Amino acid sequence: MALENRIPEGQLAQKWQNYKNHQKLVNPANKRKLDVIVVGSGLAGGAAAASLGELGFNVKCFAYQDSPRRAHSIAAQGGINAAKNYQNDGDSVFRLFYDTVKGGDYRAREANVYRLAEVSNSIIDQCVAQGVPFARDYGGLLDNRSFGGAQVSRTFYAKGQTGQQLLLGAYSALSRQIGKGTVKMFTRTEMMDIVVIDGKCRGIVSRNLVTGEIEAHFGHAVVIATGGYGNVYFLSTNAMGSNGSAAWKAYKKGAYFANPCYVQIHPTCIPVHGEFQSKLTLMSESLRNDGRIWAPKRKEDAEAIRAGKLKPENIADEDRDFYLERRYPAFGNLVPRDVASRAAKERCDAGYGVESGEAVYLDFKYAIERLGRDVVEARYGNLFQMYEKITDQNPYETPMMIYPAIHYTMGGIWVDYELQTTIPGLFAAGEANFSDHGANRLGASALMQGLADGYFVLPYTLQNYLAGELHTPRMNVAEGEFAKVVGDVNAHVAKLMNVKGKKSVDYFHKKLGKVMWEKVGMARNEAGLKEAIEEIVAIRKEFWADVRIPGSANEMNTELEKANRVADFLELGELMARDALIREESCGGHFREEHQTEEGEAKRDDANFAYVGAWEYKGENAEPELHKEPLVFEECKLVQRNYK
Amino acid sequence: MSEKQSLNLTLKVWRQKSPKDKGQFETYSVSNISPDSSFLEMMDVLNEQLITEGKEPVAFDHDCREGICGMCSLYINGHAHGPDEDVTTCQLHMRKFKTGDTITIEPWRSAGFPVIKDLIVDRRAFDKIMAVGGFVSVNTGGVPDGNAIPISKAAADEAMDAASCIGCGACVASCKNGSAMLFVSAKVSQLALLPQGRIEAARRAKNMVAKMDELGFGNCTNTAACEAQCPKNVSIANIARLNREFLCAKLKD
């Protein structure tokens, strides 16, 4: 099947308006006859479910947690971008668009990104109207801060809890619709598969995580808004339950999966402390505004620190290697995330890492000398407190230790301009789709994209699809394809339960994560990727022969939940490695060691790789097929990023 | 950090197969726990051990493991979220315990939060309270510019403090009356402090309080146990504000 991106005609700045002017609508009396299923209740899913409910559609929303308010959007710290230009510093929709395309290393679709920038302003208005307590200045107007990859201050924030406040705004809107009965909420319910009938998505099959019951649900359309798949690495900044299963099941039913190898590694996370570590905690990007990153200049110092014989505060300034300032004098500590992460890895690989060998310093000594402790405390106090709670070290007195960690996945389900997948009637929104961030996401853009998709894109594009479904009667989920998929899901669950092996799910998850981190992580090469594919296949085989899931399937069973997700990660990880192997260039978060300049910088290959790589599932024992959607740049000029 | 002594602990954990099961404490031991582990990582070690022994792991709620989603709960040695201050259970670290300690781990216990399994309780009552008033009645689109209504920094900051509630339920679990007043008042306050939410403040307060009562949560008798155990430092001043909103609304009836 050829990929049709359905980008509307006309000038870039007119495309979205043109689309809305000519799209099909559904009249109010008919809306209540149409059912929409939204899987996921984060920024994208929660906002979509609320907005569609307000319009009058019948919505069913699903979340694996006990409440829609728990979705992992809640953990975003820094802020949300919008092109308001309240600061009069030269911002515009065009500039936000341009920064996003450039920051994504020219691997995103121009028309989608332009629309994102266009609706960004409406998001801020909407959130203010909902009662989101954004930070304000003394005049009572909204405050902004700056973030990486931009020359303007366009980031709106609510303390260090912007994601929380925006999610609670969407949750409030969703709660209102639940109260009105337009949205029916299914908590502690996990999507297990989608149902495709005559080529169209007609519903889902879910598992009730409290009773174990497998149920089918009909929908005239289905939205997948289940976030990213960073947990394939086991250790990441994602929530423990974050998973790629909904996207993966859609892929196996015919939705193409785009750019799976694009993963964002965040440079400033608290390093791993031991083998029982379960997750990694992010320290906000904003810390790089005032902190200086360094590693010891002398290897013997690094060794002495690792042996506990030397403290970092006793290393003289001239013996510290401020490697970002050294390598990138123009941007210094504020280079983009991908560049900063690779530079830290380079130092540690060369033997200059501290603590376990996989950590560098982020030092506020200089900021305290320059600004005073009070100013530093006012800016970063809550982050310093969080750091101290986790590490038991006081960052006012000794430098923070940081190391890069998996944070966000730019890849995801392939969608067209309408956010529709290659399966008609199946849509994907937020981090679950691939659409707006190219090969690297800028800070404060994830919240923007989730809410843009949920509040301002899907309510239009979904309606365009649903207008053609007025004559589709609600289907009986007890029979036909629905019953068949319920049977398949029951069989899958039984297969997992019946392995009755000896090793826990975590054992396999950690083993997979190690391969992914070492060979499909920050730096990749052909030999490593080929090994990774073989190793993943072997782990998968071992999983299906030796996993142990205690208890039964007909009750709450947290190990079964994990096993179901890890079984999918064991397949998704392989596709990521395949995608990384084929993309013989370095772009954004994807760094191929064979493709770098003499100074070790990423080398993009626009002649051969300016495309979206969309994978089609071909069956269990067949190789997936790659489809290419060429990326055409009309407004942006492709240049190599340079931060020196 | 590696030089610190690892911990050997005895755990008394509440096990309850289902809502109808009576439930009882089981005693387990774990050893070689790093003081730098989080409490939930210690629970992971226990579960790994149980799975290896062919037993069912302990079910507990958790998700973000960075103190913001509100999913983790646990009543540890008589404290909601354990003995450390201003943290959720997932942010509690094992350096707060000594080797040889016995740690008692229970679920939230409250009429409003029935136990589902082991340490997992059903907190959907909070969602039900939210659905009757925890919002500003605006639809998507057609709203004024974000800067059209200036809001004083003080009001915005105060609203933000109230809005930092993570809905974990520690307030209910630590209240002798099982009251949800801190939770309800945080949302009522946040929205009443802002001009956008002020318009329906009275209606909101009445509806949310009525729902809270209907769902079996107790009354507030100002013991402030909720505030003391709240991982996000939500203040009981919010309860005073809720009472004011509620009284004004009732007087107008």
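This is a short guided tour of a predicted model, moving from the whole of chain A to one strand, the contact with chain B and one bent helix.

Before you click, note that residues are numbered from 1 along each chain as its sequence is written, while chains are lettered from A and ligands numbered from 1 in the order in which they are written. Since this is a predicted model, local features need pLDDT of at least 70 and side-chain atom pairs count only at pLDDT 80 or more, whereas totals for chains, interfaces and linings use all residues.

**Stop 1: all of chain A.** Select chain A and colour by secondary structure: there are 18 helices and 19 strands (DSSP runs numbered from the N terminus, helices being H or I of at least four residues and strands E of at least two). The radius of gyration is 24 Å, close to the 26 Å from the globule rule for 644 residues, so chain A is as compact as a globular protein of that length. That radius is taken over C-alpha atoms, and the rule is 2.2 Å times the number of residues to the power 0.38. Along its principal axes, the C-alpha trace spans about 75 × 60 × 50 Å. Of the 644 residues, 60% count as buried (20 or more other C-beta atoms within 10 Å of the residue's own, with C-beta atoms placed from the backbone).

**Stop 2: strand S11.** Now select residues 263–269 of chain A. Seven of the seven residues of S11(A) are buried, so this strand is largely enclosed by the rest of the structure. Add residues 400–409, strand S15(A), which pairs with S11(A) in the antiparallel sense over five bridges (pairing needs at least two DSSP bridges). To see one of them, pick A:Val263 and its bridge partner A:Thr409.

**Stop 3: the side facing chain B.** Show both chains. The contact takes 65 residues from chain A and 66 residues from chain B (C-beta atoms, placed from the backbone, within 7 Å). Helix H6(A) gives the most to chain A's side, with nine residues. Other elements giving two or more residues there include H3 (43–55) and H12 (373–391) of chain A.

**Stop 4: helix H12.** Stay with H12(A) and centre on A:Tyr380, where the helix bends by about 80 degrees (the angle between axes fitted to the seven residues ending there and the seven starting there). The buried residues of H12(A) include A:Tyr380 and A:Met386, and its buried residues pack against helix H11 (365–371) and S15 of chain A. Finish at A:Asp392, just after H12(A), which takes a positive phi of about 65 degrees.

Methods
Buried ≥ 20, exposed ≤ 12 C-beta atoms within 10 Å, placed from the backbone. Contact = placed C-beta atoms within 7 Å.
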